[in-house]
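Me: Please examine the model displayed below and answer a series of questions about its surface, its buried side chains and its charged pairs.

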Amino acid sequence: MANANLDIDLLRSFAAVADSGSFTAAAELVARTQSAVSVQIKRLEEILGHKVFERTSRSLALTGAGEMLLGYARRIIELNDESVRRVARPSVAG
């Protein structure tokens with residue numbers, strides 16, 4: 001498989017769904033519609049070639065691949081956010 005890039009927005013939505021346990025609640029957290037979050041998760045699964053959630057009409061659970069990805073997703077999001085904060089920080093003048 002060729003190297004693929006994981007989009008930060010996809011990872012944020014994935015982590016939000018995993019943390020909230022709901023596509024609807026996750027949509028509020030990431031300021032998107034529930035259908036947009038569903039599309040993002042589908043896209044993430046297409047990139048990875050694995051399902052990240054097992055869904056039924058009553059429950060939502062991480063798959064083995066989803067559990068593995070969640071730790072990486074949190075680290076990637078944190079590194080992204082830290083780098084943006086550090087680089088975008090206004091320089092001190094005095």
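Me: Which residues form a nonpolar patch on the surface?

Reply: This is a predicted model, in which local features need pLDDT of at least 70, side-chain atom pairs count only at pLDDT 80 or more, and totals for chains, interfaces and linings use all residues. Residues are numbered from 1 along each chain as its sequence is written, and side-chain values use heavy atoms, with hydrogens and water left out. A patch is built from residues with over 30% relative accessible area and no salt bridge, joining like charges within 9 Å and nonpolar side chains (Val, Leu, Ile, Met, Phe, Trp, Tyr) within 5 Å. With about 320 Å² of accessible area together (Shrake-Rupley method, 1.4 Å probe, only the protein chains shown counting as cover for residues), the patch consists of Met-68, Tyr-72 and Ile-76.

Me: Is Tyr-72 buried, partly exposed or exposed?

Reply: Tyr-72 belongs to helix H4, residues 64–88; helices (H or I, at least four residues) and strands (E, at least two) are DSSP runs numbered from the N terminus. Buried means under 20% relative accessible area, exposed over 50%, and partly exposed in between, with a 1.4 Å probe and protein chains only. Because its relative accessibility is 46%, Tyr-72 is partly exposed.

Me: How confident is the prediction, as a mean pLDDT of the protein?

Reply: The pLDDT is the predictor's confidence in each residue, from 0 to 100. Confidence is highest in helix H1 (residues 8–20), at 98, and lowest in strand S1 (residues 53–55), at a mean of 94. Of the protein's residues, 98% reach 70 or more, and the mean pLDDT is 94.

Me: Which backbone nitrogen lies 3.0 Å from a polar atom of the side chain of Glu-45?

Reply: Glu-45 sits in helix H3, residues 34–48, and is buried because its relative accessible area is 9%. Leaving aside residues up to four places away in sequence, Glu-45 touches His-50, Lys-51, Val-52, Phe-53 and Arg-55, where contact means heavy atoms within 4.5 Å. The backbone nitrogen at 3.0 Å from the Glu-45 side chain is that of Val-52.

Me: What does Gln-40 touch, not counting residues up to four places away in sequence?

Reply: Gln-40 also lies in helix H3. At 10% relative accessibility, Gln-40 counts as buried. Beyond four places in sequence, the residues in contact with Gln-40 are Asp-9, Leu-10, Ser-13 and Arg-32.

Me: How many residues apart in sequence are the parts that Asp-81 and Arg-12 tie together?

Reply: A salt bridge is a side-chain nitrogen of Lys or Arg within 4 Å of a carboxyl oxygen of Asp or Glu. Asp-81 and Arg-12 form such a pair, with their closest N and O atoms 2.3 Å apart. Asp-81 is in helix H4 and Arg-12 in helix H1, so the pair ties together parts whose separation in sequence is 69 residues.

Me: With which residue does Arg-74 form a salt bridge?

Reply: Arg-74 is partly exposed at a relative accessible area of 42%, whereas its partner counts as exposed at 51%. The closest N and O atoms of the pair are 2.2 Å apart, and the partner is Asp-19.

Me: How many salt bridges does the count come to?

Reply: Another of these pairs joins Arg-85 to Glu-78, with the closest N and O atoms 3.3 Å apart. Arg-85 is partly exposed at 47% relative accessibility, and Glu-78 is partly exposed at 41%. The count of salt bridges comes to six.

Terms used: A polar contact is a pair of N or O atoms within 3.5 Å; within protein, one must be able to donate a hydrogen and the other to accept it, and residues adjacent in sequence count only if both atoms are side-chain atoms.
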